[in-house]
Amino acid sequence: MSPILQRITELRTQRGWSEYRLAEYSGVAQSTISSWYQKSYSPSVSSLEKICAAFGISLSQFFAEVSGEPVSLTVEQCRLLEKWNTLSENGKQALFHLLAEL
């Protein structure tokens, strides 16, 4: 099993989630999640982003645990994440659009 799938399994187990529950919370089809394990595939970046969102972690945090390196955020990064978490889906899309224009 790949380190990515091992990490997903570890996070699911910590929460007591089945593959079905992860699918429900992430919006990734349960059949897709199951096929990763059956075929030893790694999820796409977009699927992994959804998985991380369901776990309430960033991709950086996900991969930091895989590599064994600690994650530390600056005060400014923490403030940005706190604000991000309060945005509606439309607000997040608007912010992405604004950032793309910079």
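## Pocket lining, a nonpolar patch and two salt bridges

Start with what the largest pocket is made of: its lining splits into 12 nonpolar residues, seven polar ones and five charged ones. Keep in mind that this is a predicted model.

How much space lies in that pocket? About 810 Å³. The lining runs to 24 residues, and those closest to the pocket centre are Ile57, Ser58, Leu81, Trp84 and Asn85. As for secondary structure, four helices each give two or more residues to the lining: α4 (45-55), α5 (59-67), α6 (75-86) and α7 (89-101). Which of them gives the largest share? That's α7, with six residues.

Helix α7 also brings us to the surface, since Leu98 lies in this helix. Leu98 belongs to a nonpolar surface patch, along with Leu87, Leu95, Phe96, Leu99 and Leu102. Taken together, the patch residues have about 590 Å² of accessible area. Leu98 itself comes in at 49% relative accessibility, so it counts as partly exposed; the cut-off for exposed is over 50%.

Now for the charged side chains. Opposite charges on side chains can pair when the charged atoms come close. How many salt bridges does the structure hold? Two, and here they are:

| Salt bridge | N to O distance |
|---|---|
| Arg7 with Glu10 | 2.7 Å |
| Arg21 with Glu24 | 3.3 Å |

Take Arg7 and Glu10. These two sit in helix α1 (residues 3-15), and because they are three residues apart, about one helical turn separates them. What about their cover: buried or exposed, or something in between? Arg7 is buried, with a relative accessible area of 8%, which fits the cut-off of under 20% for buried. Its partner Glu10 is partly exposed, at a relative accessible area of 37%. So this salt bridge joins a buried arginine to a partly exposed glutamate.

Over in helix α2 (residues 19-26), Arg21 and Glu24 are likewise three residues apart, about one turn of the helix. Here Arg21 is partly exposed at 34% relative accessibility, and Glu24 is partly exposed too, at 44%.

To pull the threads together: α7 gives six residues to the pocket lining and holds Leu98, a member of the nonpolar patch. The salt bridges, meanwhile, lie within helix α1 for Arg7 and Glu10 and within helix α2 for Arg21 and Glu24.

Definitions and conventions. Residues numbered from 1 in each chain as written. Predicted model: local features only at pLDDT ≥ 70, side-chain atom pairs only at ≥ 80, totals over all residues. Heavy atoms only, no water. 1 Å grid on protein atoms, 1.4 Å probe; cavity = no way out; pocket = protein on both sides within 12 Å on 5 of 7 lines; lining within 4 Å. Points joined across faces, edges and corners; volume = space filled by probe spheres on them. Nonpolar A, V, L, I, M, F, W, Y, C, P; charged D, E, K, R; others polar. Patch = residues over 30% accessible without salt bridge, like charges linked within 9 Å, V, L, I, M, F, W, Y side chains within 5 Å. Areas by Shrake-Rupley, 256 points an atom, 1.4 Å probe, with all protein chains shown as cover. Salt bridge = Lys/Arg side-chain N within 4 Å of Asp/Glu carboxyl O. Buried < 20%, exposed > 50% of the residue type's maximum accessible area, 1.4 Å probe, protein only.
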